[in-house]
Amino acid sequence: MRSVLYPGSFDPVTVGHMDLIRRASALFERVVVGVLHNTQKPLQAFSIEQRISLLQEAASGLINVEVCAYSGLLVDAVRQSNVDGVLRGLRAGMDFDMEQQMARLNRQMAGVETVFLAASPSVLHISASMVREVGRLGGDLRGLVPDSVRERITDTLGGRSKEGETHG
Ligand code: PNS
């Protein structure tokens with residue numbers, strides 16, 4: 001495999017995502033980060049444009065990494081991006097069952113293979129949902145999201161929580 005699509009919601013990008021993207025950029029010739037534009041999940045903290053822009057900024061030093069949006073089936077995004085397969089990260093056992101199911105499904109539907117990278121120990125506990133919660137409650141996101149985009153993420157999550165307070 002020379003090129004991969006690394007798909008996800010990235011709501012928002014975390015240091016865990018960047019651990020994987022950095023390592024993938026050293027392993028593959030081309031890494032396409034695919035941000036799912038899920039119109040059925042309108043309650044995302046960050047818009048598709050914000051999620052893409054944060055990722056582009058965080059990955060700006062990695063010349064073989066590009067960021068794009070996709071909607072619909074992942075296997076269609078693989079075809080459209082002209083990559084050889086899918087990349088996913090594995091943290092703990094809880095990821096494993098769901099990831100295997102997705103990988104098998106994509107292989108059965110379209111012959112698309114998935115490769116997995118084990119998350120680095122230092123980021124095992126980090127998830128986008130935890131980042132959203134910490135940010136909304138006014139916690140410090142240092143070490144949880146990339147430094148280059150921390151202020152933007154903090155402002156957006158903090159702003160959302162203030163909006164919530166205003167409207168009860
Ligand atoms: O970061 P996430 O939310 O764990 O990523 C899940 C994602 C976006 C990779 C997956 O839900 C996806 O690509 N869905 C698109 C629809 C699809 O193809 N579903 C069938 C099997 S993945």
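Hi everyone, let me start with helix α4, because the definition of elements used here counts it as a DSSP run. In the second largest pocket, α4 supplies the largest share of the lining, four residues. Please keep in mind that this is a predicted model.

Staying with that second largest pocket, its volume is about 250 Å³. There are 13 residues around it, and those nearest its centre are Leu36, Tyr70, Leu74, Met102 and Asn106. Two elements, β1 and α4, each give two or more residues to this lining. As for the chemistry, the lining of the second largest pocket has eight nonpolar residues, four polar and one charged.

Now, over to the largest pocket. How much space lies in it? About 740 Å³. Its lining is made up of 28 residues, and His17, Arg88, Arg91, Ser127 and Ala128 are the ones that lie nearest the centre. If you want to find the walls on your screen, look for the elements giving two or more residues to the lining: β1 (3-8), α1 (15-27), β4 (85-90), α4 (93-110) and α5 (128-136).

And which element gives the most to the lining of the largest pocket? That is α4 again, with four residues. By class, the largest pocket is lined by 12 nonpolar, nine polar and seven charged residues.

So that you can look for yourselves, here are two places to start: Met102 and Asn106, among the residues nearest the centre of the second largest pocket, and Arg88 and Arg91, among those nearest the centre of the largest. Thanks for listening, everyone!

Key:
Residues are numbered from 1 along each chain as its sequence is written. This is a predicted model: local features need pLDDT of at least 70, side-chain atom pairs count only at pLDDT 80 or more; totals for chains, interfaces and linings use all residues. Side-chain values use heavy atoms; hydrogens and water are left out. On a 1 Å grid over the protein atoms alone, a cavity is a set of points where a 1.4 Å probe fits but cannot get out, and a pocket is an open set with protein on both sides within 12 Å along at least five of seven lines; lining residues have an atom within 4 Å of a point. Grid points are joined across faces, edges and corners, and a volume is the space filled by probe spheres set on the points. Ala, Val, Leu, Ile, Met, Phe, Trp, Tyr, Cys and Pro count as nonpolar, Asp, Glu, Lys and Arg as charged, and the others, Gly among them, as polar.
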